[in-house]
Amino acid sequence: MTASSNYRLLWPYVIPYVAYVVIAGLFGCLAPEWNYLIRIIVVTATLFWAWRWYVPFCGPKSCVLSIIIGIIFGIIGTALWVVCLLPFVGSSAKEWGTSPFLARIIASTLLVPIFEELLMRVYIFRIAHQWYMERRMGQTRPFEKVFHEKSLNDVKPGEWSYFAIIFSTAAFAIGHPVIAWPAAIIYGFLMSGLWVIRKDIISCIIAHATTNFTLGLYIYFTGSWNLW
C-alpha cells in the first residue's frame, strides 16, 4: 500500500463532508445561525487538517482564466438549478431571517464548494475512473487494486471516462433531497464538463461557490424561499 493510496486519502476527503452533514443533524435543535456557525468552525478546522493531502487546485491551464470561466459556469449553473428545481417545490416557504440567511450563504459559498468538489469531482470521480480503466484492462479485483494500490494523484488533469462522470454525478445527486435530484444531476454533469475542459478543480470550486452565492441572492431578492 502506497503512502498516498486511495485508502489512506479517504479520510481527508470524506471527513469535512461528513462533519458538515452530521453537525447539521446533531445540532438541529439550535437556531439556524448557530448551527451554521458550528459547521463553519468545525469544517474549517477539518479542511486545515486535511489540506496537505489535497491535489493541487490549479492545473496546466491559466488559473486566472479558470476562475473567470468558473464564475461564468456558476451563473449558468444557477439558472439551470432554478429551472430544474422549480417544478418540484411548493409555492411558498417560510422566509429566513437576516442572521440565518447570512450564516447559510457564508457556509454555502466559502465552505461547501471546497469540500464537496474535493469529494465528488476529485476523490469519487478519479477512483471511479481508475476502477473503470482497471476493468477495461481485465483486472479481476479492480476495486481492491484501485483502493489499496492506486492513488488519485496519478490521474492526469482533465482525464475522464463516461463511467466516472455518471458515477460521481449520481453520488452528488444522492447528497441532495430527492426533489433536487434533477437539478443536481444536471449540475453534476456541468461540473464534470468543467473539469474536462479546464483540467483543474479550482474552476469547479469557483463555479460551485458562484452558484451557491447567486442562488442565495436570487432567493433573497425574489422571495423564492421554497428553493432552499
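**Close-up views of helix packing**

**View A. The two sides of helix α7.** I166 and I174 are exposed on one side of α7, in a model that is predicted. The buried residues of this helix, on the other side, are A164, I165, S168, T169, F172 and A173. These buried residues cover an arc of only 155 degrees around the axis, which puts them on the same side of α7. In an α-helix there are 3.6 residues a turn, so residues three or four places apart point the same way. The cover over the buried residues of α7 includes α5 (112-136), α8 (181-198) and α9 (202-222). Helix α7 itself comprises 13 residues, 162-174. From its first C-alpha to its last, α7 reaches 18 Å, close to the 18 Å expected at 1.5 Å a residue.

**View B. Y162 in helix α7.** Y162 belongs to helix α7. With a relative accessible area of 62%, Y162 counts as exposed because the cut-off for that class is over 50%. Between the C-alpha atoms of Y162 and S192 the distance is 10.0 Å, while 30 residues separate the two in sequence.

**View C. Packing of helices α1 and α2.** Helix α1 spans residues 6-26 and helix α2 residues 32-50; their axes come within 9 Å and cross at roughly 170 degrees. This crossing makes α1 roughly antiparallel to α2, because angles over 145 degrees fall in that class. On the α1 side, the residues in contact are W11, P12, I15, P16, A19, Y20, I23 and A24. They meet N35, Y36, I38, R39, V42, V43, T46, L47, W49 and A50 of α2. Sorted by class, this contact of α1 with α2 holds 15 nonpolar, two polar and one charged residues.

**View D. Crossing of helices α1 and α6.** The axes of α1 and helix α6 (residues 142-149) come within 5 Å, with a crossing angle of roughly 70 degrees. Helix α1 is therefore roughly perpendicular to α6, a class that covers angles of 65 to 115 degrees. N6, Y7 and L10 are the α1 residues of this contact, and V146, F147 and H148 are those of α6. Four nonpolar, two polar and no charged residues make up the contact of α1 with α6.

**View E. Packing of helices α4 and α9.** The axes of α4 and α9 lie 8 Å apart, and the two helices pack at an angle of about 160 degrees. That angle makes α4 roughly antiparallel to α9. F101, I105, S108 and T109 of α4 meet A209, N212, F213, G216, L217 and Y220 of α9. The contact of α4 with α9 consists of six nonpolar, four polar and no charged residues.

**View F. S108 in helix α4.** S108 is located in helix α4, which runs over residues 98-110. Its relative accessible area is 11%, and S108 is classed as buried because this value is under 20%. Leaving aside residues up to four places away in sequence, S108 touches P113 and N212. N212 is also among the α9 residues that meet α4.

**View G. K199 between helices α8 and α9.** K199 is placed in the loop between α8 and α9. The phi of K199 is near 60 degrees, a positive value in a residue other than glycine. K199 is partly exposed, with a relative accessible area of 29%.

Conventions
Residues numbered from 1 in each chain as written. Predicted model: local features only at pLDDT ≥ 70, side-chain atom pairs only at ≥ 80, totals over all residues. Heavy atoms only, no water. Helix = DSSP H or I, 4+ residues; strand = E, 2+ residues; numbered from the N terminus. Expected span 1.5 Å × (residues − 1). Buried < 20%, exposed > 50% of the residue type's maximum accessible area, 1.4 Å probe, protein only. Arc of directions from axis to C-beta. Contact = heavy atoms within 4.5 Å. Axes fitted to C-alpha atoms, helices over the stretch in contact; angles between N-to-C directions. Parallel < 35°, antiparallel > 145°, perpendicular 65-115°, else oblique. Nonpolar A, V, L, I, M, F, W, Y, C, P; charged D, E, K, R; others polar.
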